[in-house]
Amino acid sequence: MFLTRLVYASTIEKGFDLSTVENIVYSAREHNQALDVTGMLCFDRNFFLQCLEGSRTNVNLVYQRILNDKRHSKIIMLDYREISAREFSQWSMGYSPSSSLTAPLYLRYSGAKEFNPYEMSGESAYQLLLQLKHTLPSVS
Ligand SMILES: Cc1cc2nc3c(=O)[nH]c(=O)nc-3n(C[C@H](O)[C@H](O)[C@H](O)COP(=O)(O)O)c2cc1C
């Protein structure tokens, strides 16, 4: 069973609403736990950046569901690869809203301090998610 990691970016549809994101995360955690998929979702008012890790079959299954979700659009895969170990094994789906804490990290991993995952390479996007991991509570 190959362990893989997928990173994608997307655009939030119809304006940002925190309760919508909370619903997404709630449902994501339920599904992901059942499939042993782990990862991290990062967002601001406009964009999502998400990393999924797990078996190749299950990561693709979850990604196909995500592609069909009308709550976001312009979904673009930034990176997909086989990995030897997970980095988010404690999180069925950790989430990191944009804040004054996270802003300096956006500048570090992209050309501007505003969060815009379309302007990041797959590697920078992944490195950003790894850094955001340290700002999260340890189990979610
Ligand atoms: C930005 C975003 C991230 C999502 N992440 C996940 C995820 O990690 N796992 C998952 O099962 N569903 C995820 N979803 C939700 C799926 O697209 C889909 O709505 C959900 O799996 C359907 O579950 P339900 O039929 O139980 O409501 C995500 C949706 C969005 C918009």
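D69 is partly exposed, because its relative accessibility is 23% and the buried class ends under 20%. Start your tour of this predicted model there. The side chain of D69 meets the side chain of R71 in a salt bridge, with 2.7 Å from N to O. R71 has a relative accessible area of 35%, so R71 is partly exposed too.

These two residues also lead to a pocket. D69 and R71 are among the residues that lie nearest the centre of the largest pocket, along with I24, A28 and I66. In total, 17 residues line this pocket. The space inside is about 310 Å³. How is such a space found? Rolling a probe the size of a water molecule over the atoms shows where empty space is left.

Now look at the walls. Three elements give two or more residues to the lining of the largest pocket: α1 (18-35), β3 (47-55) and α2. Helix α1 supplies the largest share, five residues. What classes of residue make up the lining of the largest pocket? Nine are nonpolar, five are polar and three are charged.

Go back to salt bridges. How many does a search of the whole structure find? The search finds five. One of them joins the side chains of R5 and D79, at 3.7 Å from N to O. This pair links distant parts of the chain. R5 sits in strand β1 (residues 3-12), while D79 sits in strand β4 (residues 72-82). The two are 74 residues apart. Are R5 and D79 buried or exposed? Both are buried. R5 and D79 also belong to a network of salt bridges, and R81 is linked into that network as well.

Another bridge brings together the side chains of E82 and R56, at 4.0 Å from N to O. E82 lies in strand β4 and R56 in helix α2 (residues 56-67), so this bridge ties together parts that are 26 residues apart in sequence. R56 counts as partly exposed because its relative accessibility is 38%.

Next, turn to the nonpolar interior. The largest nonpolar core has 22 residues. Which of them touch the most other members? They are V7, C42, L49, F88, F115, L128 and L129. Several elements each give two or more residues to this core: β1, β2 (38-43), β3, α3 (103-109) and α4 (122-133). Helix α4 gives the most, with six residues.

Zoom in on L128. Leaving out residues up to four places away in sequence, L128 touches L49, L105, Y106, Y109, F115 and M120. Two of these names, L49 and F115, have come up already: they are listed with L128 among the core members that touch the most others. There is also a second, separate core. This core has 18 residues, including Y8, A28, L41 and V62. You have met A28 before, as one of the residues nearest the centre of the largest pocket.

Stay with helix α4 for two more stops. S124 lies in this helix. S124 has a relative accessible area of 21%, so S124 is partly exposed. How far is S124 from L35 in space? They are 27 Å apart, C-alpha to C-alpha, and 89 residues apart in sequence.

The second stop is K133, also found in helix α4. K133 counts as buried because its relative accessibility is 13%. What does K133 touch? Its contacts are M40, E87, F88 and W91, not counting residues up to four places away in sequence. F88 is a name from the largest nonpolar core.

Finish with the backbone. Most residues other than glycine have a negative phi. Two residues here go the other way. Phi of D36 is positive, near 55°. D36 has its place in the loop between α1 and β2. With a relative accessible area of 53%, D36 is exposed, because exposed means over 50%. Phi of K74 is positive as well, near 50°. Where is K74? K74 is in strand β4. Its relative accessibility is 61%, so K74 counts as exposed.

Definitions and conventions. Residues numbered from 1 in each chain as written. Predicted model: local features only at pLDDT ≥ 70, side-chain atom pairs only at ≥ 80, totals over all residues. Heavy atoms only, no water. Helix = DSSP H or I, 4+ residues; strand = E, 2+ residues; numbered from the N terminus. Buried < 20%, exposed > 50% of the residue type's maximum accessible area, 1.4 Å probe, protein only. 1 Å grid on protein atoms, 1.4 Å probe; cavity = no way out; pocket = protein on both sides within 12 Å on 5 of 7 lines; lining within 4 Å. Points joined across faces, edges and corners; volume = space filled by probe spheres on them. Nonpolar A, V, L, I, M, F, W, Y, C, P; charged D, E, K, R; others polar. Core = buried A, V, L, I, M, F, W, Y, C linked by side-chain atoms within 4.5 Å. Contact = heavy atoms within 4.5 Å.
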